[in-house]
Amino acid sequence: MPIRKVWRESQWRFFFILAALLVVTGASVFYNAKAENVVVESKDFHEAGERTIRGALFLFWGFSAMFLGLGGFLRERAVGTVDYTLSLPVSRTRWFLYRSLIGALQSMAAALIPALTIPVIAALFGGNYPVSDAFLLGLRLGVGGMLYYSSGLLVSTVFAGDYASAGIGIAVVFAINNSTRVIEALKRLNLQDAITPPQMIDQSTHLIRGQMPWSGIAFSFALSLVLSAWAWKVTIAKDF
Amino acid sequence: MVIRLNPSSGIPIYLQIVEQIRHSIEIGALVEGDQLPAIRTLAEELVVSPNTVVKAYDDLEQERLIRLRHGAGAYVEKGNLAKSRLRRFREASVVVKETVRKLRSMGLSDDESRRLFEAEWIEEAAAR
Amino acid sequence: MKDVVETRELTKRFGDHYALAGLTMTVPRGQIVGFLGRNGSGKTTTIKILLDVIRRTSGEATVLGEPTGSVAVRRRIGFLGEDKRLYSYMTVREIIAFTRPFFTSWRVETETRLLMDFELPLNRKVSALSKGMRTKLGLLLNLCRHSELLILDEPSEGLDPVMAEQMLQSLVRQAADGTTIFFSSHQVAEIEQIADHIIAIEKGRVMLEGSLDHLRQKFRRINLVFDDPPPPEAFRRDGVDRVIVQGRTISILASRNVDEIAALGPLLAAKSVDVQSVGLKELFLEKVKGDHADS
């Protein structure tokens with residue numbers, strides 16, 4: 001089945017990335033909890049958790065999602081199997097759909113699963129971090145940050161070579177993050193703020209309070225769809 | 001029946017097959033009633049296109065040297081002597097044509113050539 | 001449909017280089033067709049266009065009556081590329097199981113027979129197969145489809161003589177079942193052995209085309225020996241393709257009027273006249289040289 005082939009070709013990369021993100025998440029939670037120099041109290045994991053999702057997880061996941069977008073026919077051409085794959089009675093659009101959907105689901109899982117381990121870690125140490133917070137923040141990360149994934153998708157359809165596409169993808173993620181942090185005019189587009197806007201988090205409890213603005217995330221998600229469509233257009237027109 | 005082919009010679013392979021099968025029949029290596037391999041089998045054995053074998057068998061069938069039976073291969077037929085003779089005449093005329101051309105290019109007139117032939121035949125007959 | 005592949009003025013440009021410069025050819029159904037050409041003449045480019053791996057610049061190309069790019073047509077054809085690379089992480093069993101469902105004409109008896117004939121170990125990963133075994137696997141994945149058309153790009157590339165012969169034999173067997181075979185090669189010998197029809201390509205255009213037997217019966221080499229050879233112009237006549245002077249010998253490649261041309265010998269006082277058949281290699285090389293001489 002074509003979809004199984006696509007999954008198989010990406011599964012180890014996905015598991016590796018997921019494992020790495022779990023380590024990063026765990027380390028960050030402990031680092032943040034200890035930084036306050038307080039022994040486990042239920043409140044500490046709230047701050048540690050929120051900071052982790054907003055900080056370490058956001059940063060590392062952004063690059064990871066981009067990596068999960070790499071691959072595709074250019075990769076197959078480098079390995080030599082593109083002729084075989086394209087000679088099968090499966091359209092390029094169908095292959096692209098399978099690859100992009102599986103990759104998107106993997107990105108989502110790579111955001112949600114580490115986020116959801118935070119309540120688990122907290123509970124293991126007698127603390128607490130609400131599952132609903134973890135879930136919602138993880139979900140927002142996955143949806144809002146789909147832009148990183150789509151960047152990887154687009155970069156890998158245009159640039160051949162594992163190192164070239166990874167390098168350019170990394171540069172793109174950097175550009176997205178830093179330009180929106182540094183350049184005044186672009187500060188409104190900062191993804192970190194779109195995903196966990198300050199007004200959404202209670203500054204004393206470090207928990208979600210009140211309304212959850214979706215417009216920022218919706219905008220970045222829409223942008224990711226545009227990039228994905230672009231990647232599709234390139235794929236169906238390209239000579240392999 | 002051993003068939004050895006030379007695909008690079010410039011002579012169509014089917015003609016080579018026809019020639020060799022005909023030769024086998026003429027010298028008695030194949031006799032009336034002998035079965036020839038099915039088209040597909042011979043093609044695989046010789047590693048040539050099945051169309052080539054079809055052409056060869058068709059030619060042989062036209063010369064009444066073999067008869068094709070649907071799905072049951074091909075068989076060597078009787079009644080081949082008469083056609084063989086016609087074949088031989090055709091081949092002989094090619095030899096004559098070439099010899100005439102050669103003699104003319106050597107500068108001999110047709111009369112001189114004819115005299116050479118007559119001399120040869122008389123000598124042959126006298127020797128017997 | 002009479003022709004399984006048809007191209008008309010097919011061109012492909014890479015930058016300012018034209019890999020194909022107006023290729024017009026047809027592949028007749030039910031035949032074994034050899035696609036002959038030098039390296040870089042456009043053979044692989046043509047095949048990639050037929051499979052829609054690369055897109056043409058202009059002109060037309062159809063496979064089984066449909067324009068290239070039709071997904072439905074790919075269910076009815078087979079393809080073995082030059083690279084012969086397959087998914088390295090799959091085992092032989094897995095890649096067969098992966099490929100089988102795509103093709104409704106797949107025959108399991110063929111699969112069983114070929115697995116045995118080719119001695120392919122079901123549980124071995126493709127990455128652990130030798131080149132010869134990979135080729136056999138690629139061949140199996142195609143032959144089991146029993147497709148209407150089988151396209152191969154340099155099928156015996158990298159194979160030892162025994163395997164190459166086995167490969168040709170498998171193709172012949174497939175042809176006997178009705179599959180049209182279209183294979184490219186720069187090895188004249190194997191084309192001469194199994195092809196019914198040939199298409200010779202040079203610099204992105206068809207240089208020579210026709211039934212191989214027809215070409216064999218049509219072309220002749222006429223060697224005339226003179227004490228004092230006349231100039232080549234003396235032999236320019238309808239049917240003369242090339243005239244080469246080699247010392248006292250005038251060698252003529254003729255495609256028509258062989259008798260008339262041979263008669264020039266005695267007419268011009270040749271010491272000897274010799275008419276020979278021409279093999280495909282010789283014909284191809286002469287045509288290529290002639291092509292270059294003209295341009």
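**Chains in contact and a hairpin in chain C**

Chain A and chain B do not touch. Their nearest C-alpha atoms are 26 Å apart. The model is predicted, and these values are computed from it.

Where, then, do the chains meet? Two pairs of chains are in contact, and chains B and C share the most contacts of the two. Chain B gives 20 residues to this contact. Chain C gives 27 residues.

Take the side of chain B that touches chain C. Three helices of chain B each supply at least two of its residues: α2 (39–46), α3 (50–62) and α4 (81–105). Which element gives the largest share? That is α4(B), with four residues. By residue class, this side of chain B divides into eight nonpolar, seven polar and five charged residues.

Chain B also has a domain assignment. Domain 1 of chain B spans 13–79, and domain 2 of chain B spans 82–127. The C-alpha centres of these two domains of chain B lie 32 Å apart.

Now turn to chain C. Strand β1 of chain C covers residues 3–14, and strand β2 of chain C covers residues 17–28. The two strands run antiparallel, joined by nine bridges. One residue pair can serve as a guide to the register: Leu10(C) has Leu23(C) in β2(C) as its bridge partner. What lies between the strands of this hairpin? There are two residues between β1(C) and β2(C). In this hairpin, Gly15(C) takes a positive phi near 70 degrees.

Notes:
Residues are numbered from 1 along each chain as its sequence is written. Chains are lettered from A and ligands numbered from 1 in the order in which they are written. This is a predicted model: local features need pLDDT of at least 70, side-chain atom pairs count only at pLDDT 80 or more; totals for chains, interfaces and linings use all residues. Two residues are in contact if their C-beta atoms, placed from the backbone, lie within 7 Å. Ala, Val, Leu, Ile, Met, Phe, Trp, Tyr, Cys and Pro count as nonpolar, Asp, Glu, Lys and Arg as charged, and the others, Gly among them, as polar. Domain bounds come from an automatic or database domain assignment. Two strands pair if DSSP finds at least two bridges between them.
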